[in-house]
Amino acid sequence: MSYKGYSDFRSDTVTRPTEEMRKAMYEAEVGDDVLGDDPTVKELEELAAETLGKEAALFVPSGTMGNTIAVKLAAGEGKEIILEEHSHIYNYEAGNVSRIAGSLPRPLPSDHGIIPIEKIEENIHKSLRDHIPETKAIALENTHNYWGGVPIPTDYIKEVSKVAKKHNLHFHLDGARVFNAATALGVDVKEITKHFDSVMFCLSKGLAAPVGSILVGGKEFISEARIIRKYLGGGMRQAGVIAAAGIVSIKVMTKRLDEDHKRAKRLAEGISDIKELQVDLERVKTNFVMIHLKTMSSFEFLEKLKEKKVLALPFNDKLVRFVTHNDIDDNDVSIAIDAIHSVFRI
Ligand code: TLP
């Protein structure tokens, strides 16, 4: 469903609210959420906590704020958090892990988002002397953005959670796209989230809400999180208007993600014969297609693609990301396949 003439594959963040969301937003009953009496925000938070199998939830304006609050509580000032080296928290959240949470990130290399368990254990520091920052938390990302939206297997998550428990570390999930992971793995989302102390997930990505993310965790954790949200300026008043869309996200949009995954696969298969690029079909498991360009820069490729009314996002000079979502239909995929082929035809 191209919008203003463009098939927009830049991100699933570009999704526009559905008709059902717009109606729910129009009809939403609201109060003042900072005073704690917006019924629609409450309903969203209760639904989110129940869906992810946690005691409580907090509606936050963005995934970045949800992760920042979690790191601040999980690790905190002068303490370490173990992260994957290409994680969103470490690389793409404006340095909040140290700027706002005050924590020291310990980025570790991985095989497509999987940090070897022994590497994690080796990097857990206890504060034996006063100059060693103590490790307080571990965070994983699922699906993993940089690694092409791959879902992280639950067996691996379970192993990491054992390490976290053994060393008394908080275990956080950047689950911006955790419902895509659950869909790809064919499990209920709780099978993933039950291993974590806290989880952030985004309503505004594949779940198509216009704004918002959710942080879930224990009751005490979330009530502390609420205070931090307030002093970061994230206390939203009649937020029921946007929370109403989030309710539709959880109830309806979590059930259709397989469509996006199938379209991503079709896109990847449709361009895999082009010798000027490389796409790893095995890694296309959710709604991302990563394209490695062999003969031209991402910038040049995207300029040519834009002329053909197709948009995607550069990841680096040779790597381009295409994301399928609720506003990409079969026709958009066909348009993109043809456009990419024609860029390489003389
Ligand atoms: N990701 C965005 C951009 O930042 C790249 C995207 O288009 O994919 N965690 C993960 C894994 C994310 O991918 C993102 C956003 C966030 C957190 C932050 O969410 P927001 O944008 O709501 O702050």
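Which residue in strand 13 does Leu-313 stand opposite? Leu-313 faces Arg-321 there. This is a predicted model, where local features need pLDDT of at least 70, side-chain atom pairs count only at pLDDT 80 or more, and totals for chains, interfaces and linings use all residues. Residues are numbered from 1 along each chain as its sequence is written, and side-chain values use heavy atoms, with hydrogens and water left out.

**View 1. Strands 12 and 13 run antiparallel.** Strand 13 covers residues 319-323 and is joined to strand 12 by 2 bridges. Strands (E, at least two residues) and helices (H or I, at least four) are DSSP runs, numbered from the N terminus. Two strands pair if DSSP finds at least two bridges between them.

**View 2. An open sheet of 4 strands has antiparallel pairing.** The strand order is 9-10-13-12. Strand 9 (277-278) and strand 12 (313-314) are the edge strands, each pairing on one side only. Helix 12 (residues 257-271) packs on this sheet and touches strand 9, strand 10 (288-293) and strand 13. Contact means heavy atoms within 4.5 Å. The directions of helix 12 and strand 10 make about 25 degrees. Axes are lines fitted to C-alpha atoms, for helices over the stretch in contact, and angles run from 0 to 180 degrees between N-to-C directions.

**View 3. An open sheet of 7 strands has mixed pairing.** The order reads 2-8-7-6-5-3-4. Strand 2 (56-60) and strand 4 (104-108) each have a single partner strand, so one side of each lacks a neighbour in the sheet. On average, neighbouring strands are turned by 20 degrees against each other, direction ignored.

**View 4. Strand 2 is joined to strand 8 by 5 bridges.** The two strands run antiparallel, with strand 8 at residues 213-217. Leu-58 has Leu-215 in strand 8 as its bridge partner. Helix 10 (residues 219-231) packs on the sheet, touching strand 2, strand 6 (170-174), strand 7 (198-202) and strand 8. Its direction makes about 20 degrees with that of strand 2.

**View 5. Domain 1 (19-254) meets domain 2 (256-344).** The bounds come from an automatic or database domain assignment. Contacts link 19 residues of domain 1 with 13 residues of domain 2. The domains bury about 1,500 Å² between them, 60% of it on carbon and sulfur atoms. Gly-148, Asn-180 and Met-253 of domain 1 lose the most area to domain 2, together 29% of what that side buries. Buried area is the accessible area (1.4 Å probe) that two parts lose on being put together, summed over both.
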